[in-house]
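Colleague: Could you take one part of this model, look at it closely, and then show me how it sits in the rest? I would rather have one connected account than a list.

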There are 2 protein chains.
Amino acid sequence: MPARPIHLHIENALRKPSIYHITPERWEAACARHRALARRLRVTIGWDGDTPDEALRTAEMIIGVPAPRDHLSARAPALRWMHATSAGIDGLLPLDWLPRGVAFTNNRGAHGVKAGQFMRMAFTMLHTRMPQIIANQLARHWEQLFSSSLAGRTALIVGLGDLGEAAARAAKQLGLEVIGVRRTARKSRYADAVHPYFRLDRLLPKADFVVLAVPLTPETHNLLSRERLALMKSTAGVINISRAAVADYAALTEKLQRGELAGAILDVVDPEPLPAASPLWDVPNLIITPHISCDDGEHYVDISLDLWFENLARFLQNKPLRQRVDPRRGY
Amino acid sequence: MPARPIHLHIENALRKPSIYHITPERWEAACARHRALARRLRVTIGWDGDTPDEALRTAEMIIGVPAPRDHLSARAPALRWMHATSAGIDGLLPLDWLPRGVAFTNNRGAHGVKAGQFMRMAFTMLHTRMPQIIANQLARHWEQLFSSSLAGRTALIVGLGDLGEAAARAAKQLGLEVIGVRRTARKSRYADAVHPYFRLDRLLPKADFVVLAVPLTPETHNLLSRERLALMKSTAGVINISRAAVADYAALTEKLQRGELAGAILDVVDPEPLPAASPLWDVPNLIITPHISCDDGEHYVDISLDLWFENLARFLQNKPLRQRVDPRRGY
């Protein structure tokens, strides 16, 4: 006799770009790649909280976080596993709304290929002086700004999770010396050396590139502060693929305006969308990319669901889930 | 008894950027890397033709091409080998000024590392829609233009010399399918397939990227013509690291203005420096880089002289020189 089907509810947010929507078509395609596992499931798909509470009542798993999140233990009493479709869950902190005993996973692991591609581009654009070359083009000004090879420059990667490891790998591929910084000094596959956060002040003066790839938590808020920015070389560049609040953008702006930094590429700003009136848009040698660095524009849902199905196999075998969020750390 | 020293004359052009100047310091540094060979030479260094004809009279080798070039066989009767410090020698064609029996080499081989780095950046910038993202930033407009991974896209590399091979290698590193085009169908190390020029019309509709890396000769002039541009996908991009005259920039401009191409990165324009009044500066989705794609801004002379010394060893052993220009082909 087959086991009783497990109710999975998928909750989509229409306000998010369509690349993130788990449509019935994308879900079916994932099921076709994971037939045996998919057969164990009964699935409901909701959009922007249009799911009646009745559907939530029997859900044992949810992909996406329903809004509102209050009283979830009463509304979804069967819930055992909830999965966020993004890697950053800073918008959901603190996790006091998460019912006790419910496993919470995020989407780390889905961003490495795209993030690595973006980081190789970003390192090379800064090194090749593209911010200045683009400004010269706007000014109709021809100036041969030459650059050497990237090899031998030093990248300081702050945060060595999914994105940080992708950045470190990209840096190694370009021949850079890679220094990693994370909470602990635990080793990394691609960093030549790893230090804990409290060493940052000593490491910043060595960096030709500083990459911000940390999750945003109370601990990492304003990590690249005005005081720390002041420790950087004037020839160095900053790349942020994490969250705006991990750096002091006002101080960064002033440094760029004074020519005390070579350039910056910011994939994250606050708020997003960035309003037309924001002073960030025309800071010299600053390139703003609209939060597109790490999410595959065609296959984000496919990649994410493949990771989720791998975790489902572990769930069904009572193995510990991967990508699990630690509620105390907040990522 | 030591062999009589060979007179090498080095001719610099002050109008060229300083990264190209073979200064006494750079020459001495190269000699220190090639001591035994350097000991065979007697060297004079000239700037902008300030060398008296007396110096040329005994020169058996010249690095750089003296201006004026007329009557060289009378002015430099001992000359056996002349070396151009650039890879492109289209500005010196036709080679009717070259005395008979004088070997003429160019600087191919000195550009691969930098060209590969630039090409990886250029492919990724076009794929990531950076031209549009930069335009949006100027317009203070937030729009999440997502992109997928590069892998599986098709690059059509036109010309498979030093630069084309570097472009093909870069494309393979990014997971692209690489189709090469050259005079013959001779194989390439990095291209998945190689075709002769006359197949271009059939290949252009397949390309997501068209890279121009041919030497400029009468045969390649206007190779990417208006008619051929019309064969490209509207989602494709063009990258030119060769010479402006190999493509029809007026037709390219019109296609970009009509949105019939995704973007272009042009490292070469005509004339250079590009005058402020040129209509090229503000063509939509066009990025102009100021002829900086392939020349290392710190080590161009070092790299070039190392190649020259390798050739000097061959010269002294009466072996055929590498990087030799074929006067009939013009490169």
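**A close look at one residue and its setting**

Modeller: If neighbours within four places in sequence are left aside, Tyr249(B) is in contact with Ala244(B) and Leu280(B). Please read this, and everything that follows, as a description of a predicted model. Tyr249(B) belongs to helix α10 of chain B, which runs over residues 249-257, and it counts as buried because 22 other C-beta atoms lie within 10 Å of its own, where 20 or more are required. Leu224(B) stands 25 residues away from Tyr249(B) in sequence, and the C-alpha atoms of the two are 9.1 Å apart in space.

Ala244(B), one of the contacts of Tyr249(B), also gives a distance to a residue in another setting: Asp282(B) is 38 residues from Ala244(B) in sequence and 17 Å from it in space, C-alpha to C-alpha. Asp282(B) sits in the loop between β11 and β12 of chain B, and it counts as exposed because it has 11 C-beta neighbours inside 10 Å, where the limit is 12 or fewer. The loop between β11 (263-266) and β12 (286-288) of chain B also holds Pro271(B), and the peptide bond that leads from Asp270(B) to Pro271(B) is cis, with omega near 0°.

Chain A offers some further backbone details of this kind. The bond from Ala67(A) to Pro68(A) is a cis peptide, with omega near -5°, and Pro68(A) is placed in the loop between β3 (61-63) and α4 (72-75) of chain A. His71(A) lies in the loop between β3 and α4 as well, and it has a positive phi of about 55° although it is not a glycine; with 11 C-beta neighbours inside 10 Å, His71(A) counts as exposed. His291(A) likewise has a positive phi, near 55°, in a residue other than glycine, but its place is the loop between β12 (286-288) and α11 (300-316) of chain A, and with 21 C-beta neighbours inside 10 Å it counts as buried.

For a view of how a whole helix is covered, α7 of chain A is a useful case. This helix spans residues 162-173, and its 12 residues reach 17 Å from the first C-alpha to the last, close to the 16 Å expected at 1.5 Å a residue. Of those 12 residues, 10 are buried, which leaves the helix mostly covered; among the buried ones are Gly164(A), Ala167(A), Ala168(A), Arg169(A) and Ala171(A). The buried residues of α7(A) pack against α5 (112-127), β6 (154-158), β7 (177-182) and β9 (209-212) of chain A, and the helix is followed by Gly175(A), whose phi is positive, near 85°.

Some of these helix residues appear again around Ile157(A), which touches Gly164(A), Ala167(A), Ala168(A) and Ala171(A), and also residues including Val178(A), Val181(A), Ala191(A) and Val211(A), when residues up to four places away in sequence are not counted. In the largest nonpolar core, which has 128 residues, Ile157(A), Val210(A), Ile157(B) and Val210(B) are those with the most contacts inside it. A second core, separate from that one, has 27 residues, including Ile62(B), Val65(B), Met82(B) and Val301(B).

The residues named so far come from two chains, and the relation between these chains can be stated directly: a turn of 180°, with a shift of 0.0 Å along the axis, lays chain B on chain A with an RMSD of 0.0 Å. That is the relation of a two-fold axis. Within chain B, the residue that comes closest to the rotation axis is Met121(B), whose C-alpha is at 2.6 Å. The contact between the chains takes 38 residues from chain B and 39 from chain A. On the side of chain B that touches chain A, the elements that give two or more residues are α5 (112-127) and α6 (130-138) of chain B, and α5(B) gives the most, with 8 residues. The residues of that side divide into 19 nonpolar, 12 polar and 7 charged. The copies meet through the same surface, because 100% of the interface residues of chain B are also interface residues in chain A.

As for confidence, chain A has a mean pLDDT of 95, with 99% of its residues at 70 or more, and the predictor gives the complex an ipTM of 0.94 and a pTM of 0.95.

Terms used: Residues numbered from 1 in each chain as written. Chains lettered and ligands numbered in written order. Predicted model: local features only at pLDDT ≥ 70, side-chain atom pairs only at ≥ 80, totals over all residues. Least-squares fit on C-alpha atoms with pLDDT ≥ 70 in both. Contact = placed C-beta atoms within 7 Å. pLDDT = per-residue confidence, 0-100. Helix = DSSP H or I, 4+ residues; strand = E, 2+ residues; numbered from the N terminus. Expected span 1.5 Å × (residues − 1). Nonpolar A, V, L, I, M, F, W, Y, C, P; charged D, E, K, R; others polar. Core = buried A, V, L, I, M, F, W, Y, C linked by C-beta atoms within 7 Å.
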